[in-house]
Structures are given as C-alpha cells and as structure tokens.
Amino acid sequence: MLIKVISTVLVTACLAASSKLPPNEVKITTEDNYRRIQANGIPDHTPGQFPNRHNPNVIAPQSYDYKVPLHPKVADKPVPFHMQPFGIAVNGVVFDPFAAEWWQGNPASGWQYEPHGGAIDLGLDASNAHVQPNGAYHYHGIPNGMIEKIAGDKPKVVLVGWAADGFPIYGPWGYSTAKDGDSALKKLDSSYAIKQGTRPAGSPGGKYDGAFVQDYEYIEGSGDLDASNGRFGVTPEFPEGTYYYVLTNEYPYVPRQFAGTPDASFARRGPPGGGLGPPGRGRRGGPGGPPGGPGMRPPPGFFPPPF
C-alpha cells in the first residue's frame, strides 16, 4: 500500500510539474544578413511527464538568443559537430540530437550511445524530447506535438525550424520529386543503414545493431537524402528551391552534420552536464550547460565520426 501511495504522489508531482509551465515565448526577426531567434525554450504543445523514471530533470525557461545566416551557403566540406544543438524549432525548442552517454562512461572510447538505439532509455516523450539538467526541454527527433499543432493529422510539408547554418529544417514529409511542388507527398527516407558484421576489437563487441552512433553508415543513393540528411528542392516557403534538412523516422533522426557553416551563437558555453546515467555509462539527460548557450554540426557528403 505504501509503494502504491508513493507512486501515486510521484506521478501527480510529475504531471503538476509539466502542467505549471510558463507560456511559450518565441520571437523570430531579421536583422541585416541574419535571422534572429529569441525564445524561452518552453514547448507550445503538451510535453511528457518530467521528471520521470528515466529523466530526473524539470522543464525550466531558458534564455535563447540565436542568429543564423539569412542567405546560407553550402560549404566546401560538411561541418561535423558534437554535443551542441543542431538548430532551433519554430516554437523555440532546440534540436540536440546527441546524448552524453558513452560505452563504459568514457567519451574517449569513441563509442557513443544512440538515443534511439534501444540500449538506453532517456525518458523521451511522444515528441522525442526530454530535459537537460539545466531544465532545457529539447528534441532528439521529430517534434510530433509541434507538427500536429501546425498540420493536424494530415500529410504536409512543414517548416519545423532553422539549422545553425541558416538552412531550413523540414520533415518528415516532402515532395516525391524534389523540384516539383505538385508531386505527391511521401515520408522522406535517410540514406543511412546499420553496418553489417561485428564491431572491432577494443569496442563494445557484438554485432552492429544500432545501439551506438558508430553502428551506422551512409550509403549514397539508398534513400532520398544526402549524408547531412538534406537535399535541394522546392518547399512552400521556398518555391524557387533551396537546400534544406529533413527530420526522419530513422537514423539520423536529426541531422548529425552541417551542409553550411554554423553560426557561433550556437556554440555551447561550458561542458556537457547532467545527472548521472545508468551504471557504467555517461550522464542522464543529454548535454547541459547554462541557459541560453548551445551549438552545431556538419553537411552533405559527410560521415559519422570514424572510431
């Protein structure tokens, strides 16, 4: 009976914490050659229960102030990034795809757990989000709650945010023919797949199964998108065409590299932080850092870091 009472109190407390959030605040303006996004990071849709069994953190307002190029250009080489935000959604919540969880709790091992790989439970909600130790609610995948508010339950090409390099982010729907806005809609596929065979010596061992970021490889032409999970094409906001990123239902979910050059305003101030994760692993809740300071990643034709 005591266990049941305690469980009821904890669930009630979690629901109360999520229901007493301040209102969503986001302001997007253009200044000179930049688009400026100021936000408090509070979602405009109902989040999951936080804290929860696998994420002990409480959602709290942030002080985001980012800027991205208004006329971005594709770089000569993809730009990789680690443990920093990839971009920010139109509702002011950041996209932060990596988790601060490593094999044996050691970043130097070169084996980083994939948030969607099944080996760890980060307490993600229905919008593929959870909370950093500093209270920052952030997306590790498609923000279903936000997209539903914008498009309802019907297929639609939705602008979901802006990457740190200035290119727009869409997903998961796109035109079946990239440069034809009258073509049928489809959920776009990434060109990544789980590697064949077994992991090398000095690694976690066993077959590649998607548990780690390093379990995946890019296979050119196997999907609709390039190595940065993007493509050139038309969209409702860019009828003449643009390079844009796509959030997908499979790896990498959120792009893991930039096609252009990310703005320095996304660079995270301070080290990743957080409550402790499971024994022998990294930290729970993803990268932390003080409110208002996140980061970046790479572009087309780029591969996950070799380890």
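Which residue takes a positive phi in the hairpin of β9 and β10? In this predicted model, the residue is Gly166, with a phi near 100 degrees. The hairpin has 4 residues between its strands. Strand β10 covers residues 168-170 and pairs with β9 in the antiparallel sense. The two strands are joined over 3 bridges. Within this pairing, Leu159 has Tyr170 of β10 as its bridge partner.

The protein chain has 307 residues, and 52% of them count as buried. Its secondary structure consists of 2 helices and 19 strands. Among contacts in the chain with a separation of 6 or more, 66% link residues 24 or more positions apart. The chain exposes about 13,500 Å². Carbon and sulfur atoms supply 55% of that area.

The hairpin strands belong to an open sheet of 8 strands. The order is β7-β8-β6-β5-β9-β10-β16-β15, and the pairing is mixed. The edges are held by β7 (129-131) and β15 (230-233). Each edge strand has a single partner, so one side of each is left without a neighbour in the sheet. At one of these edges, β15 pairs with β16 (residues 242-246). That pairing is antiparallel and runs over 4 bridges. Gly233 has Thr242 of β16 as its bridge partner.

Strand β9 also pairs with β5. These two strands run antiparallel and are joined by 3 bridges. Gly87 finds its bridge partner in Ala163 of β9. Burial of β9 is complete by residue count: 5 of the 5 residues are buried. The strand is therefore largely enclosed by the rest of the structure.

Helix α2 spans residues 144-151. Its buried residues are Gly145, Met146, Ile147 and Ala151. What covers these residues includes three strands of the sheet, β5 (87-89), β8 (137-139) and β9 (159-163). Gly152 follows the helix and has a positive phi, near 70 degrees.

Helix α2 also contributes to the largest pocket, where about 220 Å³ of space lies. The lining is made up of 15 residues. Of these, Asn144, Ile147, Gly152, Pro172 and Trp173 lie nearest the centre of the pocket. The largest share of the lining, 4 residues, comes from α2. By class, the lining divides into 7 nonpolar, 3 polar and 5 charged residues. Ile147 thus appears both among the buried residues of α2 and among the lining residues nearest the pocket centre.

Technical notes
Residues are numbered from 1 along each chain as its sequence is written. This is a predicted model: local features need pLDDT of at least 70, side-chain atom pairs count only at pLDDT 80 or more; totals for chains, interfaces and linings use all residues. Side-chain values use heavy atoms; hydrogens and water are left out. Buried means under 20% relative accessible area, exposed over 50%, partly exposed in between (1.4 Å probe, protein chains only). Contact means heavy atoms within 4.5 Å. Accessible areas come from the Shrake-Rupley method with a 1.4 Å probe; for residues, only the protein chains shown count as cover. On a 1 Å grid over the protein atoms alone, a cavity is a set of points where a 1.4 Å probe fits but cannot get out, and a pocket is an open set with protein on both sides within 12 Å along at least five of seven lines; lining residues have an atom within 4 Å of a point. Grid points are joined across faces, edges and corners, and a volume is the space filled by probe spheres set on the points. Ala, Val, Leu, Ile, Met, Phe, Trp, Tyr, Cys and Pro count as nonpolar, Asp, Glu, Lys and Arg as charged, and the others, Gly among them, as polar. Two strands pair if DSSP finds at least two bridges between them.
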